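I opened a fresh page for this one and went through it piece by piece. Here is what I looked up, in the order I looked.

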Amino acid sequence: MTAKRNTPVALIRNAAPFAIRAERASDVVAREALLDACFGENRHARTCQRLRDGRAPAQGLSLAAVRQDGRLVGTVRLWHVSAGGRSALMLGPLAVDDDCRGLGVGAALMQRALAVAKARGHGAVILLGDAPYYARYGFTAARTGELSLPGAFERERLLGLELVEGALDGAWGMITPTGAPLPKSKATRKRKAPLAVPHAA
């Protein structure tokens, strides 16, 4: 009689402990709490918020990172803007729960967002963030030097990425919102949660 061998099951160490999916209505409270943690209670007064106030995010470009237990641990959204007359998307906010730093949540959100934006035919993405972090995705200040935001901002943090070559050629002037208006009754709910980094405003 042959003894049954106890074959060990190999654990997939490289499997991500989270999934990226489209944002759902049920994510709103957790998302707002995460954003408060990342950006503080005054986040609604930030310059980039002027491009989001009263506007809907770009179709298919609100993404969430969730753990296996369903807890939201990351978020990113992209918004329609005019970049000095050029059609573009503004990325942000990008936020990751502090407990999940080092797991690749931010990278996964960025990669998915850029892939979806490109697949949907968008030509360029702009953001306000840390140049060393976003350089890995191809963002630079090379095409944004003639662009401005409706408020105070640090010039070296205004970055752009062309998904289609030449999409930001000749981009000059103010970045303005062009997304669909939200119904007037829409309001954001703010709650506190653990600090999260890194992020784009």
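**Entry 1: ground rules.** I call a residue buried when its relative accessible area is under 20%. I also keep in mind that this is a predicted model.

**Entry 2: helix H1.** I started with H1, which covers residues 28-39. Which of its residues are buried? I found Arg31, Glu32, Ala33, Leu34, Leu35, Asp36, Ala37, Cys38 and Phe39 on that list. That is nine of twelve, so I noted H1 as mostly covered, going by the under-20% cut-off. I then asked what covers these buried residues, and the answer includes S3 and strand S4 (86-96). I checked the length too: at 1.5 Å a residue the helix should span 16 Å, and its end C-alpha atoms are 16 Å apart, which agrees. Right after H1 comes Gly40, with a positive phi near 85°.

**Entry 3: helix H2.** Next I turned to H2, which has 15 residues. From first C-alpha to last it reaches 21 Å, close to the 21 Å expected. Its buried residues include Val105, Gly106, Ala108, Leu109 and Met110, and further along I noted Ala113, Leu114, Val116 and Ala117 as buried. An α-helix has 3.6 residues a turn, so residues three or four places apart point the same way. Just after H2 I met another glycine with a positive phi: Gly121, at about 90°.

**Entry 4: following the strands.** I traced the pairings starting from S1 (residues 18-22), which runs antiparallel to S2 and is joined to it by five bridges. Here Ala22 has Leu63 as its bridge partner. S2 in turn pairs with S3 (residues 72-83), again antiparallel and through five bridges, and in this pair Val66 stands opposite Leu72. The S2-S3 hairpin has four residues between the strands, and Gly70 takes a positive phi near 90° there.

From S3 I went on to S8 (residues 173-177), an antiparallel neighbour held by three bridges, with Ser82 opposite Thr176. Do S6 (residues 147-148) and S8 run parallel or antiparallel? They run parallel, joined by two bridges, and Ser148 stands opposite Met174.

**Entry 5: how enclosed is S2?** I counted burial along S2 (residues 62-67) and got five of six residues buried, so the strand is largely enclosed by the rest of the structure.

**Entry 6: the nonpolar cores.** The largest nonpolar core has 31 residues. Those with the most contacts inside it are Leu91, Leu94, Leu109, Met110, Val125, Tyr134 and Phe139. The elements giving two or more residues to this core are S1, S2, S3, S4, H2, S5 (124-128), H3 (131-134) and S7 (158-162). Which element gives the most? I found H2, with eight residues. Apart from this core lies another, of 16 residues, among them Val81, Met90, Leu128 and Leu147.

**Entry 7: cysteines.** How many disulfides does a search of the whole structure find? I got zero. I looked at two cysteines all the same. Cys48 is buried, with a relative accessible area of 2%, and Cys100 is buried as well, at 1%.

**Entry 8: loose ends.** I would look back at H2 first, since I now have its buried residues, Leu109 and Met110 among them, beside its eight-residue share of the largest core.

Methods: Residues numbered from 1 in each chain as written. Predicted model: local features only at pLDDT ≥ 70, side-chain atom pairs only at ≥ 80, totals over all residues. Heavy atoms only, no water. Buried < 20%, exposed > 50% of the residue type's maximum accessible area, 1.4 Å probe, protein only. Pairing = 2+ DSSP bridges. Expected span 1.5 Å × (residues − 1). Contact = heavy atoms within 4.5 Å. Core = buried A, V, L, I, M, F, W, Y, C linked by side-chain atoms within 4.5 Å. Disulfide = S-S within 2.5 Å.
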